[in-house]
Amino acid sequence: MLSERMTEALNKQINNEIYSAYLYLSMSAHSTFIGMKGFANWFMVQYQEEMVHAMKIYDYINDQGGQVKLMAVAQPPTEFGSPLEMFEKTLEHEKFVTKCINDLVDLAIEEKDHASNIFLQWFVTEQIEEEANDNEIISKLKLVGKGGNGLFMIDKELAARVFTPPATSKEGEA
Ligand code: FEO
């Protein structure tokens with residue numbers, strides 16, 4: 001059973017995750033537009049992962065007998081500058097999401113809501129991976145600078161990322 005405050009906070013997080021999906025879909029579209037197909041693929045996979053995150057919370061609220069309430073999704077930016085700037089924005093956004101997850105865990109602890117605390121641990125771990133992925137790509141982009149060859153290599157590497165759907169949104173790694 002979820003408190004009203006926890007239900008509201010989790011509903012807000014569904015919105016944050018769907019906005020994340022929307023932001024990365026916009027980055028994918030931008031990457032396609034500037035001819036970086038590998039970057040476009042990476043952000044498309046990221047978009048799909050964010051929708052899995054949103055649906056995990058959606059299912060959790062339902063399982064706990066709470067009411068899912070969907071909210072308006074803000075318009076994401078459509079221009080992102082260089083690939084490096086785009087990944088710096090991605091990392092900045094993920095740091096915001098990490099803070100939101102930490103706030104949710106704080107609330108679960110404050111309310112002695114053990115089920116939500118356990119549920120949220122998956123997201124705590126996921127955020128470490130999300131930030132690490134972004135940091136790694138940012139380091140590579142800084143290393144190659146504006147060099148066309150280096151960017152081409154990174155674009156090729158990012159083209160290999162594949163989305164693995166979880167068996168259900170309630171289990172496993174997205
Ligand atoms: Fe669902 Fe990228 O945080």
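**Following the helices of a predicted model**

Just after helix H1 comes Gly35, a residue whose phi is positive, near 85 degrees. The structure is a predicted model, and the path through it can begin with the helix that precedes this glycine. Helix H1 covers residues 4–33, and at 1.5 Å a residue its 30 residues should span 44 Å, which agrees with the 43 Å that separates its end C-alpha atoms. Helix H2, made up of residues 37–63, can be checked in the same manner: with 27 residues, H2 reaches 39 Å from its first C-alpha to its last, close to the 39 Å expected at 1.5 Å a residue. H2, too, is followed by a glycine with a positive phi, in this case Gly65, with a value near 75 degrees.

How do two helices lie against each other? Two packed helices are described by the angle between their axes and the distance between the axes. For H1 and H2, the axes come within 8 Å and cross at roughly 165 degrees. Because angles over 145 degrees count as roughly antiparallel, H1 and H2 are described as roughly antiparallel to each other. Their crossing is left-handed, and the contact of H1 with H2 has 18 nonpolar, 9 polar and 2 charged residues.

Further along the chain, the axes of H4 and helix H5, which holds residues 148–158, come within 9 Å and cross at roughly 155 degrees. By the same reasoning, H4 and H5 are therefore roughly antiparallel to each other, but the crossing of H4 and H5 is right-handed, whereas that of H1 and H2 is left-handed.

The interior comes next. In soluble globular proteins, nonpolar side chains tend to be buried together. In this model the largest nonpolar core has 18 residues, and those with the most contacts inside it are Met6, Leu10, Ile57, Ile61 and Leu120. The elements that give two or more residues to this core are H1, H2, helix H3 (83–110) and helix H4 (114–144), and H3 supplies the largest share, with 6 residues.

One residue between the helices deserves a separate look. Most residues other than glycine have a negative phi, and most peptide bonds are trans. Lys112, however, has a positive phi of about 55 degrees although it is not a glycine. Where is Lys112 found? Lys112 sits in the loop between H3 and H4. Is Lys112 buried or exposed? With a relative accessible area of 66%, Lys112 counts as exposed, because the cut-off for that word is over 50%.

Technical notes:
Residues are numbered from 1 along each chain as its sequence is written. This is a predicted model: local features need pLDDT of at least 70, side-chain atom pairs count only at pLDDT 80 or more; totals for chains, interfaces and linings use all residues. Side-chain values use heavy atoms; hydrogens and water are left out. Helices (H or I, at least four residues) and strands (E, at least two) are DSSP runs, numbered from the N terminus. The expected span of a helix is 1.5 Å times one less than its number of residues. Axes are lines fitted to C-alpha atoms, for helices over the stretch in contact, and angles run from 0 to 180 degrees between N-to-C directions. Angles under 35 degrees count as roughly parallel, over 145 as roughly antiparallel, 65 to 115 as roughly perpendicular and the rest as oblique. A crossing is left-handed if the near helix is turned anticlockwise from the far one by less than a right angle, and right-handed if clockwise. Ala, Val, Leu, Ile, Met, Phe, Trp, Tyr, Cys and Pro count as nonpolar, Asp, Glu, Lys and Arg as charged, and the others, Gly among them, as polar. A nonpolar core is a set of buried Ala, Val, Leu, Ile, Met, Phe, Trp, Tyr and Cys residues joined through side-chain atoms within 4.5 Å. Buried means under 20% relative accessible area, exposed over 50%, partly exposed in between (1.4 Å probe, protein chains only).
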